[in-house]
Amino acid sequence: MGTTVSNQSAYQYKMVQVAPNIQIFGKRCQGNEAAIYLEEVVSQHTTDGWEFYRVDTIGVKEKPGCLAALFGRKESTSTFYVISFRRGAQ
């Protein structure tokens, strides 16, 4: 007896890329700025019925084109953060 697997997911997913760095000014630093920033982003999306799921770090490697490499441009890597939300499939 086999198990039937459905191709339909129980969830819909939404990914939101957020800035890898936030800027604050010296005297306003309280030590929890990153948490406050993420809380604001999450709160914006949960009002639309999305549930916070997780935060991922993704590195993107950019190789220079032929002309840029000719002028000495090197390969660079940037780090991005993506917040994943989910909600029941509709």
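1. A word on vocabulary to begin: helices and strands here are DSSP runs, with helices needing at least four residues (H or I) and strands at least two (E), numbered from the N terminus. Please keep in mind as you read that this is a predicted model. With that settled, strand β1 covers residues 11-18 and gives the most to a nonpolar surface patch, with three residues.

2. Which residues make up that patch, and what is its area? Tyr11, Tyr13, Met15 and Tyr53 form it, and it comes to about 390 Å². Tyr11 is placed in strand β1. Patch residues need over 30% relative accessible area, and Tyr11 qualifies on this point because its relative accessibility is 32%, which counts as partly exposed. Tyr13 is partly exposed too, at 39%.

3. The aromatic rings deserve a look of their own. Searching the whole structure turns up three aromatic pairs. One of them joins Tyr11 and Tyr13, with 6.2 Å between the ring centres and 55 degrees between the planes, a tilted arrangement. Why is it called tilted? Planes under 30 degrees apart would be stacked and those over 60 edge-to-face, so an angle of 55 degrees falls in the remaining class. Ring pairs also link Tyr11, Tyr13 and Tyr53 into a cluster, and these three tyrosines are among the residues of the nonpolar patch.

4. Now turn to Arg86, in strand β3. Is Arg86 buried or exposed? Its relative accessibility is 17%, so it counts as buried, the limit being under 20%. Arg86 lies over the face of Tyr11, 4.0 Å from the ring centre. Setting aside neighbours within four places in sequence, Arg86 is in contact with Tyr11, Gln12, Tyr13, Gly49, Trp50, Glu51 and Tyr53. That list includes the three tyrosines of the ring cluster. Arg87 has a ring of its own to sit over: it lies above the face of Trp50, at 4.0 Å from the ring centre.

5. Charged side chains come next. Side chains of opposite charge can pair when their charged atoms come close. How many salt bridges does the model have? The count is four, and three of them are described here, starting with Asp56 and Arg54, whose closest N and O atoms are 2.9 Å apart. Asp56 is partly exposed, with a relative accessible area of 23%, and Arg54 is partly exposed as well, at 43%.

6. Lys61 and Glu75 form another salt bridge, 3.7 Å from N to O. Lys61 belongs to strand β2 (residues 51-62), while Glu75 sits in the loop between α2 (66-70) and β3 (76-88), so this pair ties together parts that are 14 residues apart in sequence. Lys61 is exposed, at 53% relative accessible area, whereas Glu75 is partly exposed, at 41%. The labels differ because exposed requires a value over 50%.

7. Arg73 and Glu62 also meet in a salt bridge, 2.9 Å from N to O. Here again distant parts of the chain are linked: Arg73 is in the loop between α2 and β3, Glu62 is in strand β2, and eleven residues separate them. Both partners are partly exposed, Arg73 with a relative accessible area of 41% and Glu62 with 40%.

8. A suggestion for viewing: start at Tyr11 in strand β1, find Arg86 over the face of its ring, and then move to the loop between α2 and β3, where Arg73 reaches Glu62 of strand β2.

Methods. Residues numbered from 1 in each chain as written. Predicted model: local features only at pLDDT ≥ 70, side-chain atom pairs only at ≥ 80, totals over all residues. Heavy atoms only, no water. Salt bridge = Lys/Arg side-chain N within 4 Å of Asp/Glu carboxyl O. Buried < 20%, exposed > 50% of the residue type's maximum accessible area, 1.4 Å probe, protein only. Patch = residues over 30% accessible without salt bridge, like charges linked within 9 Å, V, L, I, M, F, W, Y side chains within 5 Å. Areas by Shrake-Rupley, 256 points an atom, 1.4 Å probe, with all protein chains shown as cover. Phe/Tyr/Trp six-rings, centres within 6.5 Å; stacked < 30°, edge-to-face > 60°. Lys NZ or Arg CZ within 6 Å of the ring centre and 35° of its normal. Contact = heavy atoms within 4.5 Å.
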